[in-house]
Structures are given as C-alpha cells and as structure tokens.
Amino acid sequence: MNVVENEAQLVNDACHGSLDAFESLVKLYEPRIRRMIYGMTQDVQLTQDLCQDTFLAAYRALPRMEDKDLRFAPWLYRIALNLVRSEWRRHKHIKMVPFSSPLVNDDSSFDDQQGEDFLVSNEHFEEQVMQRELVRRTLAQLPESSAMCLLLDAEGFSYNEIAEALQDSLSAVRSRLSRARQAFQRIYSRLDQEGR
C-alpha cells in the first residue's frame with residue numbers, strides 16, 4: 001500500500017479513531033513538519049517540542065474533522081505555523097531561517113548535527129557559510145507573513161495549499177509571494193553588495 005496514494009483513506013480512518021492510520025500520517029509528514037519548524041527556529045529542542053505539539057494537536061482535533069473535506073497537509077502545516085507563531089509571541093526568540101542545507105534532500109534525515117555536518121563536509125565551506133548568513137539576514141528583514149510564504153513555496157506547496165495553510169485568499173498569497181520574492185531579491189542584492 002502506497003501511503004501517498006491512500007492519504008485520503010488514512011485521513012478518513014484517523015478521523016474515525018484508527019491509531020495505525022494516524023501513525024502512518026505521522027511517518028509521512030513528521031520529517032517535513034520538523035524541517036519547516038527547524039528552518040524557522042534553528043533550535044533542535046524547540047523543533048522537537050513544537051513538532052510533537054503539532055501532531056498532538058492534530059490527533060486531538062481529528063475526530064472533529066470527521067465528514068469534512070479535510071486537506072490534511074495544509075491543515076497540519078497551519079497547526080505547526082500557528083504553534084511557531086505562538087511560541088514566537090511568548091518568547092520572542094525564534095530566528096526566521098527557513099531554508100535547510102541544500103544538499104539535504106532526504107525527508108527522513110534530521111539530527112542535531114545536520115547543519116554542521118553539511119558545512120564541514122563541503123569543499124566550499126566559506127562561500128556556503130556566507131550564503132546561508134546572507135539568506136538568514138535577508139529573511140529576517142522580511143515581514144513574518146512574507147517569510148512564511150517563501151518558506152512554504154520553497155517546500156513545494158502550491159498557491160492553493162499556501163493559501164489554505166495561512167488561511168488567506170489565493171489572490172493575497174499570489175500577491176504576497178510576488179512582493180516577497182521581489183523584496184527578497186532586493187534585500188539580498190543590497191546585503192551582498194555591502195558584504196563585498
């Protein structure tokens with residue numbers, strides 16, 4: 001049984017109380033949720049806590065979603081984003097750095113040393129450190145909603161899925177993404193020029 005092809009059935013079963021179905025959904029989405037949260041927090045422990053809280057909140061809410069047309073991925077990402085926002089408001093300590101190392105494409109890999117191993121193992125260490133820092137500084141200067149749109153876009157979400165995750169209209173997401181890309185380019189270029 002291919003999990004991706006049967007996601008709708010797994011969601012339906014999980015809504016009806018199937019622990020096996022929910023566990024399959026966790027196995028499918030946990031690496032993605034974890035990567036997104038870590039990209040925003042750069043804190044392994046906080047990422048683990050928020051990821052666990054995301055799935056706990058989803059598990060508790062699933063019975064109420066029975067008989068509704070639930071698009072699971074955007075709904076789950078919305079839960080995670082709301083938890084990150086709440087944590088940020090509570091503690092004001094989350095750094096917005098939503099891109100993980102470009103060489104890490106395996107959804108199942110995530111450990112404490114991931115970022116450091118990537119930097120140490122590559123032959124262009126200095127250049128990559130500078131690029132990562134430049135991206136981090138650029139994203140930090142963007143409004144939170146713009147950075148989140150860019151993050152979800154980088155994760156491969158469609159405009160519709162981004163709109164659903166952010167609880168916004170499709171036209172607002174298209175507009176925000178367009179402005180965010182332009183602002184990112186402008187800020188990145190300016191910071192790059194200043195750094196030379």
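This passage looks at helix α7, its packing against helix α9, and the nonpolar core of a predicted model.

Helix α7 covers residues 144-154, and a run of its side is well hidden in the sense that Ser 146, Ala 147, Met 148, Cys 149, Leu 150, Leu 151 and Leu 152 are buried. Beyond the helix comes Gly 156, with a positive phi near 95°.

A natural partner to consider next is α9, which spans residues 170-195. The axes of the two helices approach within 9 Å and cross at roughly 95°. Crossing angles of 65 to 115 degrees count as roughly perpendicular, and α7 and α9 are therefore roughly perpendicular to each other. On the α7 side, the contact is made by Ser 145, Ser 146, Cys 149, Leu 150 and Asp 153, which meet Arg 176, Leu 177, Ala 180, Arg 181 and Phe 184 of α9. Sorted by class, this contact comprises five nonpolar, two polar and three charged residues.

Attention now turns to the core. The largest nonpolar core contains 54 residues, and Leu 152 belongs to the group with the most contacts inside it, together with Tyr 29, Ile 33, Met 36, Phe 72 and Trp 75. At least two core residues come from each of α1 (7-15), α2 (19-41), α3 (44-61), α4 (72-91), α6 (125-141), α7, α8 (159-166) and α9. Helix α2 provides the largest share, with ten residues.

Met 36 offers a helpful close-up: setting aside neighbours within four places in sequence, Met 36 is in contact with Tyr 77, Ala 80 and Leu 81, and also with Leu 151 and Leu 152. Both of these leucines are among the buried residues of α7.

Conventions
Residues numbered from 1 in each chain as written. Predicted model: local features only at pLDDT ≥ 70, side-chain atom pairs only at ≥ 80, totals over all residues. Heavy atoms only, no water. Buried < 20%, exposed > 50% of the residue type's maximum accessible area, 1.4 Å probe, protein only. Helix = DSSP H or I, 4+ residues; strand = E, 2+ residues; numbered from the N terminus. Axes fitted to C-alpha atoms, helices over the stretch in contact; angles between N-to-C directions. Parallel < 35°, antiparallel > 145°, perpendicular 65-115°, else oblique. Contact = heavy atoms within 4.5 Å. Nonpolar A, V, L, I, M, F, W, Y, C, P; charged D, E, K, R; others polar. Core = buried A, V, L, I, M, F, W, Y, C linked by side-chain atoms within 4.5 Å.
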